[in-house]
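These are short notes on how some of the helices pack. Please read them alongside the model.

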Amino acid sequence: MAAVEIRNVAKSFGPTDIIRNVTVEVPDGAFVVLVGPSGCGKSTLLRMIAGLEDIDKGEISIGGRVINDVEPKHRDIAMVFQNYALYPHMTIAENMGFSLRLARQSKKEIEERVQEAARILGLSEYLHRYPKQLSGGQRQRVAMGRAIVRQPQVFLFDEPLSNLDAKLRVQMRGELKDMHARFKTTTIYVTHDQIEAMTMADLIVVMRDGVVEQIGTPLDLYDYPANMFVGSFIGSPAMNFLKGAVRQVNGQQVFETGSGFRLPLHAAAAAPDGLMATLGIRPEHLSLSRAGEGLAGRIVTIEPTGSETFVVLQLGEDRISALLRQRLTASVGDELWLAPQLDTTHLFDSATTKRLTGS
């Protein structure tokens with residue numbers, strides 16, 4: 001195992017900057033997820049760690065050793081790709097042990113490592129088969145097994161679950177976490193799916209346009225987003241944003257929406273009177289309230305799922321969504337009053353989009 005340090009790293013393709021002075025410290029044995037929208041640079045950063053892309057500026061080190069000019073095969077990493085990259089003419093056992101053959105390991109050592117990895121991943125009975133005879137989930141396990149047998153210092157995963165169906169993705173997330181708990185190997189995982197990031201990571205690195213927006217634990221990012229982008233990206237359904245201004249009313253600081261609704265702000269949310277701001281409210285932090293309390297709007301969409309009901313309301317110029325635990329007997333077009341949990345709302349500066357504080 002080894003820590004990975006990324007210091008002031010930059011990468012450009014022609015005039016286009018893909019990675020812009022990124023600094024990330026991955027602790028020894030941690031499971032770190034790089035997450036962000038398509039084109040944010042997360043896969044490019046992973047490929048730079050693997051040695052598949054050159055580093056234009058900065059340093060990357062593994063276990064204290066700078067690896068900028070080290071060939072990929074000498075970096076002691078194992079990478080799992082999105083498309084499995086299995087050899088169709090080799091059996092599962094041969095695919096998993098191929099890198100060890102290239103490293104001139106003994107047949108006994110190869111067989112022992114392959115058998116152990118197959119046992120961990122539930123592939124023991126499939127070792128004699130070929131990739132075409134396996135399901136997508138089983139093929140992904142083979143790709144993981146091929147990485148495991150190498151016993152590297154660092155595992156790198158590049159969106160390994162994106163080709164799987166929803167049910168299988170949930171299962172594979174659990175298997176990946178179990179694997180990490182077993183081996184305690186430093187792991188860097190790339191995904192655009194924030195649910196994967198929230199459920200798997202020790203630390204999440206949120207990226208946008210080649211820049212790190214925030215680094216923290218899943219709950220830190222959920223509870224204390226640094227800006228509106230992180231607030232909207234982390235959490236599902238996405239955070240609601242209401243535009244308005246901070247006002248002083250009868251000696252109390254309130255947030256006044258563009259539609260004229262007023263919500264009290266916590267004392268910690270001190271902001272200048274008249275500041276143009278945006279209030280962030282997560283859908284799960286809204287609940288049904290009595291008329292005159294909270295926010296009122298006309299129902300645009302109702303989606304009951306059994307345990308929850310997802311509702312979209314039109315509030316003047318704003319549209320907000322709510323995830324309600326209560327059963328709802330209402331129809332599209334009806335008026336509905338919702339009350340936010342005020343201690344879970346977030347106040348953002350509308351000009352900079354930075355979080356001022358939890359209100």
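1. Helix 2 and helix 4 cross in a right-handed sense (clockwise turn of the near helix from the far one by less than a right angle; anticlockwise would be left-handed). Helix 2 spans residues 92-102 and helix 4 residues 136-148; their axes are 7 Å apart, at an angle of about 35°. Axes are lines fitted to C-alpha atoms over the stretch in contact, with angles from 0 to 180 degrees between N-to-C directions.

2. The model is predicted: local features need pLDDT of at least 70, side-chain atom pairs count only at pLDDT 80 or more, and totals for chains, interfaces and linings use all residues. Residues are numbered from 1 along each chain as its sequence is written, and side-chain values use heavy atoms, without hydrogens and water.

3. On the helix 2 side, Ile92, Asn95, Met96 and Ser99 meet Val142, Gly145 and Arg146 of helix 4 (contact: heavy atoms within 4.5 Å). By class, this contact has three nonpolar, three polar and one charged residues (nonpolar: Ala, Val, Leu, Ile, Met, Phe, Trp, Tyr, Cys and Pro; charged: Asp, Glu, Lys and Arg; polar: the others, Gly among them).

4. Helix 5 covers residues 166-183, and its axis comes within 11 Å of that of helix 4, crossing at roughly 15°. Helix 4 is therefore roughly parallel to helix 5 (angles under 35 degrees). This crossing is right-handed. Helix 4 contributes Gly137, Gln140, Arg141, Met144 and Ile148, and the helix 5 residues include Leu168, Glu175 and Phe183. The contact of helix 4 with helix 5 has seven nonpolar, three polar and two charged residues.

Notes
Helix = DSSP H or I, 4+ residues; strand = E, 2+ residues; numbered from the N terminus. Parallel < 35°, antiparallel > 145°, perpendicular 65-115°, else oblique.
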